[in-house]
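Colleague: I'd love a close look at the pairing of strands in one sheet of this model, please. Once we have that, carry on outwards to whatever helps me place it in the rest of the chain.

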Amino acid sequence: MYRARTVLTNLVPLASLIPRAAPDRFASWILKSDHILCSITGTDIRHYSSSVATEPFLNGSSSAYVEEMYNAWLADPKSVHVSWDSFFRNSTAGAAPGQAYQAPPSLAEPGRNQLPITSLAPLLGAAGAPALGGQVNEKVIDDHLAVQAIIRSYQARGHLVSELDPLGIMYADLHSTFSDREGKPHEIVIRGHHIAKLDPLGISSADLDDKHPPELLYSHYSFEEGDMDRVFKLPSTTFIGGKEKALSLREILSRLENAYCRHIGVEFMFINSLEQCNWIRQKLETPGVMEISSEEKRLILARLTRATGFEAFLARKWSSEKRFGLEGCEILIPAMKAVIDKSTELGVESIVMGMPHRGRLNVLANVCRKPLEQIFTQFAALEAADDGSGDVKYHLGTYIERLNRVTNKNIRLAVVANPSHLEAVDPIVQGKTRAEQFYRGDGEGKKVMSLLLHGDAAFCGQGIVYETFHLSDLPDYTTHGTIHIVVNNQIGFTTDPRHSRSSPYCTDVARVVNAPIFHVNSDDPEAVMHVCKIAAEWRATFHKDVVIDIVSYRRNGHNEIDEPMFTQPLMYRKIKTTPHVLDKYSKRLIEEGVVTTEEVKDVRDKYEKICEESYLNARKETHIKYKDWLDSPWSGFFEGKDPLKVSPTGVKEDTLVHIGKRMSSPPPNAAEFVIHKGIERILRSRMEMVESRTVDWALGEGMAFGSLLKEGIHVRLSGQDVERGTFSHRHHVLHHQLVDKATYRPLCHLYPDQGPYTVCNSSLSEFGVLGFELGYSMTNPNALVCWEAQFGDFNNTAQCIIDQFISSGQAKWVRQSGLVMLNPHGLEGMGPEHSSARLERFLQMSSDDPDYFPPESEEFAVRQLHDINWIVANCSTPANYFHILRRQIALPFRKPLILMTPKSLLRHPEAKSSFDEMTENTQFLRVIPDQGPASQNPSSVKKLLFCTGKVYYDLRKAREERKLEGDIAISRVEQISPFPYDLIKKECAKYSNASLAWAQEEAKNQGSWTYVQPRFHTALSGSRDVSYVGRPTAASPATGSKMQHLKELNALLDDALSL
């Protein structure tokens, strides 16, 4: 019993529980204890060498059994099972409690990331291990786990200590360089403080702080210098071994440092796909993965020489001109070319690019290969040979189709024109790319891709970047992966990163869509090329976004005539002493014996000669051509067309009936498709309208779309909640009430050979989505692209797209667009935010002259449309809405259409149209004259009211109530801009004795009044006055009080109808 008690002290966890039992009564304590979960059973049979499976440890019947076993073992160790033999040996040798018992080996296959402990025997090194069957040292396992954690730490946080800054400033510990570390990683890699050396200038850190000391990691992981040569088995989550399965700790750390802490810092461990993480690990960790041939090195040098030579040439010839050169990040040009080369090799045929102004001319010259003469003539103050007001040279776009000499494949490159609003072009590029993919049938984005360039301050500062990222994976907006390149100057104009962002990196916004982020030092050209190839392969493999952050610097100020020393003296002192990357790389290749000094000079001189010849040719030019810079040419669209001939917009009644019936019917042959009861009512009422030959707003719109689809025109309607419609009137997508994702789109099933119809709810973004649809509309003129605001005033968050692109795009960049903006507008007592679409803003930006009455002719209306920048209308009937939508495609050119759309009129019993207003030989009515009693006897009419939109129905109802139909005529101006001078003049002449007034529901300083007032004066040559009827001036678009709203409306009606 004593011996058994001795053995018991070695049992864990029992030993720690025993104090509660008297030492001499431990067997009965075992039997009573509720802490022991295994069942304890007694048996009389004695099989001393029975297997553990039938007699598991601690399943003995009593302590006497253990003692008997022990006595038998003392007499003959072989008389008991080998597991008892092992247990008693270890106990008597003084093994610690819990260490004596060893489980028998399992014959099962080890699982993933597991290995039999015996396989570590050769790797145990100095720690040693007992002979097989003896005890394995726990430190061995702990040390392997520690090595695994170190590898993971490098993968997750190595970027924080990578040398990314070509200037050597941005290194937060400010104590050591890469060479000083000698393969000993900082504790930072393990603990994750941000001390990355990313800055080519070496001024500040990734987290813009310099408080972290360069402690080493060994204290954290209990490794000593003596452990450095111990060999460790590598886990399956790393590729640093290549074909080797085990490496010494010293070699593991060295290879990890080379992969993650040199000139490339990668953020990818937040990606929630093991396959994608392993793909990136393999591209970075595989030994020798960055080695390239001498031929490739010479190609990098040649491209870098051209990029540097171009900027140097411009600086020499036009030293005082702004050009926003690329000095300090010339490596961008070889980087873009590497992305394009690899992408074309992988099947891409067309690349749509968007970029800010820095480096734009260099990209046009050396990436797109735009003729240098055309670029150089932009510096000469020459007259334009074509229409338009033009733009500064560093905002212009272009379109080029050329042979890629590296892959010997044709490639199309488009650089989209961009204003100074740096990131505003992002969604436009995405929309243009998506459209090109759509028309090519490229549903996976294998043929067309987008490439976006960014500045560091804009990338983290502009909200549109975030909006655009969130379109990246939406089914109707995805472009199947965009490659983003950040030209990271580490400064925004004059603002230091410490004051321009709250995140460690300028690229952190990309983490929201799981995009891997490759930070790279711009002064290591080979590292930049490696990262570019990985990015192109990532996009081709996974069709997701990827970011390349080229950490560089800006050799000049914000522009060439700006003085940066005012605000960044230390940084610019360092820049002045930093050699150009071309000089550094040339020197390196000469030392490697890849090129000679003469070859380097020869490449420079050749490009200099090309520039000089182009400069001489450019001096012979007398005019510049804006159309040379068009980013979206429409081949064949304008040729052979009469520029003033509009196709008819009326259609056959059979077509209207067919479309109407399809829109009023549930899915054919789908009795099991369960439709909502409310939708059934709507469909029935639509069918009744079709049978009575009338349409409401939703039906009129559907017939416009459907009749265009019949003609093979692609129709796309996008915006917030457009599938149903904000006001639940459209219902272009019917949902099965019992089955998820089962939908039916009536307009997609009108005709077997119809054009495609896309209706898609967008993300809750206006700036991003309106920009996207504008880009979409630029690609193909034979498509009706519509964006609808949820409420009209929501367009104000997209004001940048409206101002910089839609209203002025044609004048600046000779680029047309037929985009339709649908803006719900009308004061209906719903408060300041859901009333006005800010009609006055669109009218103020209209380019027609208020003092000029164009010559009257048959082409008067279409000539006006041709000459103006956009069309602004406020239709009051479904028929007119139908015609104006169809007219967008019927015109021989394209103009944006800004429509104020109704809310209450969607269901107004009088806001309906007959088929007679939509059939053949009908057209859009710019002005709808009065058709009541007043028009029968115009000479006796005392007042002629002009108005636009919904207020007409309020005026008409009040006129009826007051029985003034014979005294007051009401004419509706449906197209406000361009102003219908001819029809206004005619209408006023008809009612020669009437006083004239303009009635509007908006405040006096809003709505149409300020636009129409001078134009009425011009139309009537100042012969008659037009008075104003409406609300007084106001700061807010509408009152928030329903009572006040009704009071104001009554005052407006009283004023309008007073004689």
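Modeller: Happily! In this predicted model, strand E23 and strand E25 (residues 968-973) are joined by 2 bridges and run in the antiparallel sense. To find the pairing by eye, start at Val927, which stands opposite Val973 in E25. The two strands belong to an open sheet of 5 strands, ordered E23-E25-E24-E27-E28, and the pairing within it is mixed. Strand E23 (927-928) and strand E28 (1026-1031) form the edges; each has a single partner strand, so one side of each has no neighbour in the sheet.

Now go across to the other edge. Arg1031, in strand E28, meets the side chain of Glu1048 in a salt bridge, at 2.6 Å from N to O. Glu1048 sits in helix H37 (residues 1042-1056), 17 residues from Arg1031, and the pair links distant parts of the chain. The two ends of this bridge are covered to unlike degrees: Arg1031 has a relative accessible area of 7% and is buried, whereas Glu1048, at 23%, counts as partly exposed. One more thing to look at in this stretch of sequence is Pro978, in the loop between strand E26 (975-977) and helix H35 (981-990). Most peptide bonds are trans, but the one from Ser977 to Pro978 is cis, with omega near 0°.

For a contrast with the edge strand, try strand E9 (residues 482-488). 7 of its 7 residues are buried, so E9 is largely enclosed by the rest of the structure. The cover is on both faces: Thr482, His484, Val486 and Asn488 are buried on one side, and Ile483, Ile485 and Val487 on the other. E9 pairs with strand E8 (residues 448-455) in the parallel sense over 6 bridges, and Leu453 is the residue that stands opposite Ile485 in E9. Strand E11 (residues 546-551) also pairs with E9, again in the parallel sense and over 6 bridges; here Val486 has Asp549 as its bridge partner.

What surrounds E9 is worth a look too. The largest nonpolar core has 164 residues, and Ile483 and Ile485 are among those with the most contacts inside it, along with Leu332, Phe376, Ile548 and Ile550. Helix H20 (residues 525-542) gives the most to this core, with 10 residues. Another core, of 50 residues, lies apart from it and includes Tyr751, Leu891, Met918 and Phe924. Beyond its neighbours within four places in sequence, Ile483 touches residues including Val339, Met449, Leu451, Ala535, Val546 and Ile548. Helix H14 (residues 360-367) is likewise largely enclosed by the rest of the structure, as 8 of its 8 residues are buried. After H14 comes Arg369, with a positive phi near 60°.

A simpler pairing to set beside these is the hairpin of E6 and E7. The two strands run antiparallel and are joined by 7 bridges, with Thr398 facing its bridge partner Val415 in E7. There are 4 residues between the strands, and in this hairpin Asn408 takes a positive phi near 60°. Asn408 counts as exposed, with a relative accessibility of 58%. His731 makes a nice counterpart: phi there is near 50°, also positive in a residue other than glycine. His731 lies in the loop between strand E14 (714-719) and strand E15 (734-735), yet at 8% relative accessibility His731 counts as buried.

To finish, back to salt bridges, of which the whole structure has 47. One of them joins Glu608 to Arg316, with the closest N and O atoms 2.4 Å apart. Glu608 is in helix H23 (residues 597-618) and Arg316 in helix H12 (residues 294-317), so this pair ties together parts that are 292 residues apart in sequence. A local case is the salt bridge of Glu436 and Arg440, at 3.9 Å from N to O. Both lie in helix H16 (residues 425-440), 4 residues apart, about one turn of the helix. Finally, Lys297, Asp524, Glu526, Arg588 and Glu592 are linked in a network of salt bridges.

Note on methods: Residues are numbered from 1 along each chain as its sequence is written. This is a predicted model: local features need pLDDT of at least 70, side-chain atom pairs count only at pLDDT 80 or more; totals for chains, interfaces and linings use all residues. Side-chain values use heavy atoms; hydrogens and water are left out. A nonpolar core is a set of buried Ala, Val, Leu, Ile, Met, Phe, Trp, Tyr and Cys residues joined through side-chain atoms within 4.5 Å. Buried means under 20% relative accessible area, exposed over 50%, partly exposed in between (1.4 Å probe, protein chains only). Contact means heavy atoms within 4.5 Å. Two strands pair if DSSP finds at least two bridges between them. A salt bridge is a side-chain nitrogen of Lys or Arg within 4 Å of a carboxyl oxygen of Asp or Glu.
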